[in-house]
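Student: Got a two-chain model for us to look at? Put it up and let's go through it.

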Amino acid sequence: MSVITHPVRKSNLATMIGSAGGISVGTALARARANLETMREQALTVIDASITALETVPAPTGPEDMSARREQAYREATSLIDAAGPFELFDLCRAAAGLCDLIGALDPEQPFDWRIVTVHARSLRLLQTLPPEAAPERAHILESLNEVVQRKLAQTG
Amino acid sequence: MSAIGETLRESASVNLSGAVTMVVDDSAFALELTGQALMAFGVRARHACQSAAEAKEILKEQTIDLLLVDCEMPDMDGFELVRWLRRSGLEPNAFVPVIMTAAHIRRQRVSEARDCGASFIITKPFSATTLLERIVWVGRDNRPFLEVGDYFGPDRRFRKAPVPGEERRADLIRKREQEAAAAAEAAGLAEGEAA
(Lines give C-alpha, C1' and ligand atoms only; values in the text may rest on other atoms or scores of the structure.)
Protein backbone atom coordinates (compact mmCIF):
# COMPACT_ATOMS: atom_id res chain seq x y z
CA MET A 1 0.00 0.00 0.00
CA SER A 2 1.40 3.39 -0.94
CA VAL A 3 2.01 6.02 1.72
CA ILE A 4 2.02 9.73 0.98
CA THR A 5 3.77 11.74 3.66
CA HIS A 6 2.93 15.41 3.96
CA PRO A 7 5.71 17.60 5.33
CA VAL A 8 5.55 18.46 9.00
CA ARG A 9 3.98 21.86 9.47
CA LYS A 10 3.92 23.88 12.63
CA SER A 11 0.34 24.62 13.64
CA ASN A 12 -0.89 28.14 14.39
CA LEU A 13 -1.72 26.81 17.82
CA ALA A 14 1.92 25.88 18.47
CA THR A 15 3.07 29.37 17.49
CA MET A 16 0.48 30.98 19.75
CA ILE A 17 1.02 28.79 22.79
CA GLY A 18 4.69 29.67 22.98
CA SER A 19 4.29 33.38 22.18
CA ALA A 20 4.85 36.18 24.68
CA GLY A 21 2.04 37.05 27.06
CA GLY A 22 -0.63 34.62 28.06
CA ILE A 23 -1.21 33.30 31.54
CA SER A 24 0.43 30.79 33.82
CA VAL A 25 -0.83 27.23 33.83
CA GLY A 26 -1.63 27.61 37.53
CA THR A 27 -3.82 30.64 36.87
CA ALA A 28 -5.53 29.01 33.88
CA LEU A 29 -6.41 25.93 35.90
CA ALA A 30 -7.58 27.90 38.93
CA ARG A 31 -9.84 29.96 36.66
CA ALA A 32 -11.15 26.84 34.96
CA ARG A 33 -12.03 25.25 38.29
CA ALA A 34 -13.77 28.46 39.39
CA ASN A 35 -15.70 28.72 36.10
CA LEU A 36 -16.77 25.09 36.26
CA GLU A 37 -17.80 25.42 39.89
CA THR A 38 -20.45 27.94 38.85
CA MET A 39 -22.01 25.13 36.82
CA ARG A 40 -22.09 22.51 39.58
CA GLU A 41 -25.78 23.00 40.43
CA GLN A 42 -26.69 22.74 36.78
CA ALA A 43 -24.59 19.57 36.50
CA LEU A 44 -26.38 18.01 39.46
CA THR A 45 -29.69 18.79 37.79
CA VAL A 46 -28.53 17.13 34.56
CA ILE A 47 -27.32 14.09 36.53
CA ASP A 48 -30.64 13.83 38.34
CA ALA A 49 -32.54 14.10 35.06
CA SER A 50 -30.38 11.38 33.49
CA ILE A 51 -30.94 9.01 36.40
CA THR A 52 -34.69 9.70 36.29
CA ALA A 53 -34.68 9.05 32.55
CA LEU A 54 -32.83 5.75 33.09
CA GLU A 55 -35.33 4.77 35.78
CA THR A 56 -38.23 5.49 33.48
CA VAL A 57 -37.02 4.11 30.14
CA PRO A 58 -39.78 1.64 29.42
CA ALA A 59 -38.64 -1.96 29.23
CA PRO A 60 -38.77 -3.20 25.63
CA THR A 61 -41.90 -5.12 24.82
CA GLY A 62 -40.19 -7.18 22.13
CA PRO A 63 -37.14 -7.46 19.88
CA GLU A 64 -38.49 -4.71 17.62
CA ASP A 65 -38.00 -1.94 20.16
CA MET A 66 -35.05 -3.45 22.04
CA SER A 67 -32.44 -1.60 20.01
CA ALA A 68 -34.11 1.81 20.43
CA ARG A 69 -34.52 1.34 24.20
CA ARG A 70 -30.92 0.28 24.59
CA GLU A 71 -29.77 3.33 22.65
CA GLN A 72 -31.91 5.51 24.88
CA ALA A 73 -30.31 4.02 28.01
CA TYR A 74 -26.83 4.40 26.48
CA ARG A 75 -27.45 8.09 25.68
CA GLU A 76 -28.68 8.81 29.22
CA ALA A 77 -25.63 7.08 30.72
CA THR A 78 -23.23 9.06 28.52
CA SER A 79 -24.93 12.36 29.29
CA LEU A 80 -24.56 11.53 32.98
CA ILE A 81 -20.81 10.99 32.46
CA ASP A 82 -20.62 14.31 30.56
CA ALA A 83 -22.13 16.15 33.52
CA ALA A 84 -20.46 14.26 36.38
CA GLY A 85 -16.93 14.08 34.97
CA PRO A 86 -15.78 17.69 35.38
CA PHE A 87 -16.97 17.66 39.01
CA GLU A 88 -15.03 14.52 39.82
CA LEU A 89 -18.13 12.50 40.72
CA PHE A 90 -16.18 9.41 39.78
CA ASP A 91 -18.48 6.86 41.42
CA LEU A 92 -21.37 7.97 39.24
CA CYS A 93 -19.11 7.99 36.19
CA ARG A 94 -17.87 4.46 36.88
CA ALA A 95 -21.36 3.08 37.37
CA ALA A 96 -22.63 4.74 34.20
CA ALA A 97 -19.54 3.66 32.23
CA GLY A 98 -20.19 0.04 33.22
CA LEU A 99 -23.65 0.22 31.67
CA CYS A 100 -22.16 1.82 28.54
CA ASP A 101 -19.51 -0.91 28.33
CA LEU A 102 -22.18 -3.54 28.35
CA ILE A 103 -24.57 -1.91 25.89
CA GLY A 104 -21.67 -0.84 23.67
CA ALA A 105 -20.32 -4.38 23.49
CA LEU A 106 -23.54 -5.88 22.18
CA ASP A 107 -24.53 -6.42 18.60
CA PRO A 108 -27.85 -4.71 17.87
CA GLU A 109 -29.58 -8.06 17.41
CA GLN A 110 -28.15 -9.67 20.54
CA PRO A 111 -30.60 -10.38 23.38
CA PHE A 112 -30.29 -8.16 26.41
CA ASP A 113 -31.41 -8.64 29.98
CA TRP A 114 -33.23 -5.38 30.70
CA ARG A 115 -32.87 -5.86 34.46
CA ILE A 116 -29.28 -4.64 33.99
CA VAL A 117 -30.58 -1.16 33.18
CA THR A 118 -32.94 -1.23 36.17
CA VAL A 119 -30.14 -2.31 38.52
CA HIS A 120 -27.85 0.44 37.20
CA ALA A 121 -30.55 3.09 37.53
CA ARG A 122 -31.23 2.09 41.14
CA SER A 123 -27.53 1.96 41.97
CA LEU A 124 -26.92 5.37 40.42
CA ARG A 125 -29.77 6.80 42.48
CA LEU A 126 -28.27 5.27 45.61
CA LEU A 127 -24.79 6.60 44.80
CA GLN A 128 -26.28 10.02 44.20
CA THR A 129 -28.03 10.10 47.57
CA LEU A 130 -25.37 8.49 49.78
CA PRO A 131 -23.34 10.97 51.82
CA PRO A 132 -19.68 11.43 50.81
CA GLU A 133 -18.48 9.66 53.97
CA ALA A 134 -20.27 6.43 53.02
CA ALA A 135 -17.19 5.20 51.17
CA PRO A 136 -17.58 1.48 52.03
CA GLU A 137 -21.18 1.45 50.82
CA ARG A 138 -20.18 3.20 47.60
CA ALA A 139 -17.35 0.76 47.04
CA HIS A 140 -19.70 -2.16 47.64
CA ILE A 141 -22.24 -0.87 45.11
CA LEU A 142 -19.56 -0.34 42.49
CA GLU A 143 -18.06 -3.76 43.12
CA SER A 144 -21.44 -5.45 42.75
CA LEU A 145 -22.18 -3.57 39.53
CA ASN A 146 -18.77 -4.44 38.17
CA GLU A 147 -19.37 -8.14 38.87
CA VAL A 148 -22.67 -7.99 36.98
CA VAL A 149 -21.09 -6.20 34.03
CA GLN A 150 -18.10 -8.53 33.85
CA ARG A 151 -20.33 -11.60 34.01
CA LYS A 152 -22.59 -10.29 31.25
CA LEU A 153 -19.63 -9.17 29.14
CA ALA A 154 -18.18 -12.66 29.37
CA GLN A 155 -21.48 -14.02 28.04
CA THR A 156 -21.45 -11.65 25.07
CA GLY A 157 -18.05 -12.94 23.99
CA MET B 1 6.85 18.54 22.05
CA SER B 2 5.95 17.33 25.48
CA ALA B 3 5.46 13.61 25.98
CA ILE B 4 1.95 12.19 26.37
CA GLY B 5 0.99 12.26 30.01
CA GLU B 6 3.67 14.78 30.87
CA THR B 7 2.26 17.28 33.34
CA LEU B 8 2.49 20.99 32.79
CA ARG B 9 4.37 23.06 35.32
CA GLU B 10 2.11 25.50 37.20
CA SER B 11 4.54 28.32 36.49
CA ALA B 12 4.77 27.64 32.73
CA SER B 13 2.80 30.09 30.64
CA VAL B 14 0.45 29.41 27.77
CA ASN B 15 -0.92 31.95 25.37
CA LEU B 16 -4.19 30.93 23.77
CA SER B 17 -5.62 34.43 23.50
CA GLY B 18 -5.31 34.49 19.72
CA ALA B 19 -6.54 30.96 19.12
CA VAL B 20 -9.80 30.45 17.29
CA THR B 21 -11.37 27.29 18.64
CA MET B 22 -14.40 25.28 17.64
CA VAL B 23 -16.27 22.97 19.99
CA VAL B 24 -18.79 20.55 18.50
CA ASP B 25 -21.10 18.67 20.84
CA ASP B 26 -24.80 17.88 20.58
CA SER B 27 -25.18 18.43 24.32
CA ALA B 28 -25.69 22.11 25.14
CA PHE B 29 -24.47 21.50 28.68
CA ALA B 30 -21.25 19.79 27.55
CA LEU B 31 -20.67 22.65 25.08
CA GLU B 32 -21.01 25.15 27.89
CA LEU B 33 -18.66 23.18 30.18
CA THR B 34 -15.92 22.99 27.56
CA GLY B 35 -16.49 26.64 26.65
CA GLN B 36 -16.03 27.69 30.28
CA ALA B 37 -12.76 25.79 30.50
CA LEU B 38 -11.47 27.30 27.26
CA MET B 39 -12.42 30.78 28.40
CA ALA B 40 -10.45 30.21 31.61
CA PHE B 41 -7.43 29.15 29.52
CA GLY B 42 -7.52 32.56 27.83
CA VAL B 43 -9.28 31.58 24.58
CA ARG B 44 -11.33 34.50 23.31
CA ALA B 45 -12.75 33.31 19.99
CA ARG B 46 -14.91 30.23 20.20
CA HIS B 47 -17.36 28.65 17.83
CA ALA B 48 -19.84 26.40 19.60
CA CYS B 49 -21.76 24.04 17.34
CA GLN B 50 -24.44 21.54 18.30
CA SER B 51 -24.17 19.59 15.07
CA ALA B 52 -21.56 18.46 12.59
CA ALA B 53 -23.51 20.11 9.77
CA GLU B 54 -23.24 23.49 11.48
CA ALA B 55 -19.52 22.92 12.08
CA LYS B 56 -18.90 22.02 8.42
CA GLU B 57 -20.35 25.30 7.21
CA ILE B 58 -18.03 27.29 9.48
CA LEU B 59 -15.00 25.14 8.65
CA LYS B 60 -15.52 25.89 4.95
CA GLU B 61 -15.44 29.62 5.60
CA GLN B 62 -13.14 30.32 8.52
CA THR B 63 -9.72 29.24 9.73
CA ILE B 64 -9.78 27.33 12.99
CA ASP B 65 -6.75 26.76 15.21
CA LEU B 66 -8.14 23.98 17.40
CA LEU B 67 -11.13 21.69 17.02
CA LEU B 68 -12.75 19.82 19.90
CA VAL B 69 -15.37 17.30 18.80
CA ASP B 70 -17.59 14.91 20.69
CA CYS B 71 -17.51 11.40 19.22
CA GLU B 72 -21.18 10.46 19.63
CA MET B 73 -23.62 12.77 17.92
CA PRO B 74 -26.85 12.11 16.03
CA ASP B 75 -26.82 12.24 12.23
CA MET B 76 -23.18 12.92 11.36
CA ASP B 77 -21.03 11.86 14.32
CA GLY B 78 -17.64 13.17 15.40
CA PHE B 79 -15.68 10.45 13.59
CA GLU B 80 -17.38 11.25 10.29
CA LEU B 81 -16.85 14.97 10.77
CA VAL B 82 -13.11 14.55 11.35
CA ARG B 83 -12.77 12.13 8.43
CA TRP B 84 -14.58 14.64 6.20
CA LEU B 85 -12.39 17.51 7.39
CA ARG B 86 -9.12 15.67 6.82
CA ARG B 87 -10.21 14.75 3.28
CA SER B 88 -11.82 18.14 2.56
CA GLY B 89 -8.78 19.79 1.02
CA LEU B 90 -9.58 22.89 3.06
CA GLU B 91 -6.39 24.78 3.75
CA PRO B 92 -5.29 25.06 6.50
CA ASN B 93 -8.26 23.53 8.36
CA ALA B 94 -7.65 20.01 7.04
CA PHE B 95 -4.45 19.95 9.11
CA VAL B 96 -5.88 21.56 12.25
CA PRO B 97 -5.17 19.87 15.62
CA VAL B 98 -8.28 17.87 16.56
CA ILE B 99 -9.11 16.61 20.05
CA MET B 100 -12.02 14.22 20.24
CA THR B 101 -13.90 13.75 23.48
CA ALA B 102 -15.95 10.73 24.41
CA ALA B 103 -17.99 9.77 27.42
CA HIS B 104 -17.60 6.22 26.16
CA ILE B 105 -16.35 4.49 23.02
CA ARG B 106 -18.23 1.38 21.94
CA ARG B 107 -16.16 -1.71 21.30
CA GLN B 108 -17.19 -1.76 17.63
CA ARG B 109 -16.07 1.84 17.17
CA VAL B 110 -12.54 1.67 18.56
CA SER B 111 -11.04 1.24 15.09
CA GLU B 112 -13.06 4.20 13.79
CA ALA B 113 -11.68 6.30 16.62
CA ARG B 114 -8.15 5.28 15.66
CA ASP B 115 -8.63 5.74 11.94
CA CYS B 116 -10.65 8.94 11.60
CA GLY B 117 -7.62 11.23 11.66
CA ALA B 118 -7.98 12.92 15.06
CA SER B 119 -4.86 14.13 16.84
CA PHE B 120 -5.95 12.80 20.21
CA ILE B 121 -8.97 11.27 21.92
CA ILE B 122 -9.81 12.04 25.52
CA THR B 123 -12.24 9.81 27.33
CA LYS B 124 -14.36 11.32 30.06
CA PRO B 125 -14.28 11.96 32.92
CA PHE B 126 -11.47 14.39 32.29
CA SER B 127 -10.35 17.34 34.31
CA ALA B 128 -9.45 20.88 33.26
CA THR B 129 -5.82 19.89 33.81
CA THR B 130 -6.07 17.02 31.33
CA LEU B 131 -7.78 19.24 28.79
CA LEU B 132 -5.10 21.92 28.99
CA GLU B 133 -2.30 19.34 28.83
CA ARG B 134 -3.80 17.79 25.71
CA ILE B 135 -4.34 21.18 24.05
CA VAL B 136 -0.68 22.01 24.57
CA TRP B 137 0.30 18.54 23.41
CA VAL B 138 -1.69 18.63 20.15
CA GLY B 139 -0.49 22.19 19.53
CA ARG B 140 3.11 21.05 19.67
CA ASP B 141 2.42 17.74 17.96
CA ASN B 142 4.86 17.55 15.05
CA ARG B 143 3.94 14.20 13.61
CA PRO B 144 3.77 14.26 9.81
CA PHE B 145 0.42 13.78 8.11
CA LEU B 146 0.07 10.53 6.22
CA GLU B 147 -2.22 9.30 3.46
CA VAL B 148 -2.43 5.54 3.67
CA GLY B 149 -5.37 3.89 1.92
CA ASP B 150 -8.48 5.51 3.38
CA TYR B 151 -6.55 7.12 6.22
CA PHE B 152 -5.57 10.76 6.19
CA GLY B 153 -4.24 12.27 9.39
CA PRO B 154 -1.32 12.44 11.78
CA ASP B 155 1.05 9.48 11.88
CA ARG B 156 -0.65 7.04 14.25
CA ARG B 157 2.64 5.74 15.62
CA PHE B 158 3.11 7.69 18.85
CA ARG B 159 6.52 8.47 20.23
CA LYS B 160 6.66 7.88 23.94
CA ALA B 161 9.69 10.06 24.60
CA PRO B 162 9.80 13.83 24.08
CA VAL B 163 10.83 14.67 20.55
CA PRO B 164 14.27 16.25 20.48
CA GLY B 165 14.25 19.88 19.51
CA GLU B 166 15.00 23.35 20.69
CA GLU B 167 14.45 23.55 24.42
CA ARG B 168 12.50 26.44 25.86
CA ARG B 169 14.48 29.08 27.73
CA ALA B 170 12.75 28.36 31.05
CA ASP B 171 13.55 24.67 30.68
CA LEU B 172 17.18 25.45 29.93
CA ILE B 173 17.40 27.68 33.01
CA ARG B 174 15.81 24.98 35.16
CA LYS B 175 18.18 22.37 33.74
CA ARG B 176 21.23 24.58 34.44
CA GLU B 177 20.00 25.26 37.98
CA GLN B 178 19.66 21.53 38.58
CA GLU B 179 23.14 20.91 37.12
CA ALA B 180 24.60 23.69 39.28
CA ALA B 181 22.89 22.30 42.38
CA ALA B 182 24.15 18.80 41.59
CA ALA B 183 27.67 20.16 41.03
CA ALA B 184 27.53 22.10 44.31
CA GLU B 185 26.32 19.01 46.15
CA ALA B 186 29.09 16.92 44.59
CA ALA B 187 31.65 19.60 45.50
CA GLY B 188 30.34 19.67 49.08
CA LEU B 189 30.65 15.89 49.31
CA ALA B 190 34.16 16.02 47.92
CA GLU B 191 35.09 18.71 50.46
CA GLY B 192 33.58 16.64 53.28
CA GLU B 193 35.54 13.61 52.24
CA ALA B 194 38.76 15.66 51.94
CA ALA B 195 38.23 17.03 55.46
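Tutor: We will take the sheet, the chain contact, a helix pair and a few backbone oddities in turn.

Student: Ground rules before we start?

Tutor: This is a predicted model, where local features need pLDDT of at least 70, side-chain atom pairs count only at pLDDT 80 or more, and totals for chains, interfaces and linings use all residues. Residues are numbered from 1 along each chain as its sequence is written, while chains are lettered from A and ligands numbered from 1 in the order in which they are written.

Student: And what do labels like α and β rest on?

Tutor: Helices (H or I, at least four residues) and strands (E, at least two) are DSSP runs, numbered from the N terminus.

Student: Sheet first. What is the strand order in chain B?

Tutor: β3-β2-β4-β5-β6, an open sheet of five strands with parallel pairing. Two strands pair if DSSP finds at least two bridges between them.

Student: Which strands sit at the edges?

Tutor: β3 (45-49) and β6 (120-123) of chain B, each pairing on one side only. On average, neighbouring strands are turned by 20° against each other, direction ignored.

Student: How many bridges join β2 to β3 there?

Tutor: Five, between β2 (residues 20-24) of chain B and β3(B), and the two run parallel. V24(B) has C49(B) in β3(B) as its bridge partner.

Student: Now the contact between chains. How many residues are involved?

Tutor: 48 residues of chain B contact 45 residues of chain A. Contact means that the C-beta atoms, placed from the backbone, lie within 7 Å.

Student: Which element of chain B gives the most to that side?

Tutor: α1(B), with eight residues. The elements giving two or more residues are β1 (13-14), α1 (28-40), α5 (128-140) and β7 (145-148) of chain B.

Student: What's the chemistry on the chain B side?

Tutor: 25 nonpolar, 13 polar and ten charged residues. Ala, Val, Leu, Ile, Met, Phe, Trp, Tyr, Cys and Pro count as nonpolar; Asp, Glu, Lys and Arg count as charged; the others, Gly among them, are polar.

Student: You listed β7. What does β7(B) pair with in chain A?

Tutor: β1 (residues 3-6) of chain A, through four bridges, and the strands run antiparallel. H6(A) stands opposite F145(B) there.

Student: Switching to helices. At what angle do α3 and α6 of chain A cross?

Tutor: Roughly 150°, and the axes of α3 (residues 40-56) and α6 (residues 115-129) come within 8 Å. That makes α3(A) roughly antiparallel to α6(A), a term for angles over 145 degrees. Axes are lines fitted to C-alpha atoms, for helices over the stretch in contact, and angles run from 0 to 180 degrees between N-to-C directions.

Student: Who touches whom?

Tutor: From α3(A), I47(A), I51(A), L54(A) and E55(A). They meet V117(A), H120(A), A121(A), L124(A), R125(A) and Q128(A) of α6(A). The split is six nonpolar, two polar and two charged.

Student: Backbone oddities now. Where is the cis peptide bond?

Tutor: Between E91(B) and P92(B), with omega about 0°. P92(B) is in the loop between α3 (78-87) and β5 (98-102) of chain B.

Student: What about positive phi outside glycine?

Tutor: E88(A) is near 55°, in the loop between α4 (63-84) and α5 (90-105) of chain A. D75(B) is at about 60°, in the loop between β4 (66-70) and α3 of chain B.

Student: Why does E88(A) count as exposed?

Tutor: Because E88(A) has 10 C-beta neighbours inside 10 Å. Exposed means 12 or fewer other C-beta atoms within 10 Å, buried 20 or more, partly exposed in between, with C-beta atoms placed from the backbone. D75(B) has 9, so D75(B) counts as exposed.

Note on methods: Angles under 35 degrees count as roughly parallel, over 145 as roughly antiparallel, 65 to 115 as roughly perpendicular and the rest as oblique. Two residues are in contact if their C-beta atoms, placed from the backbone, lie within 7 Å.
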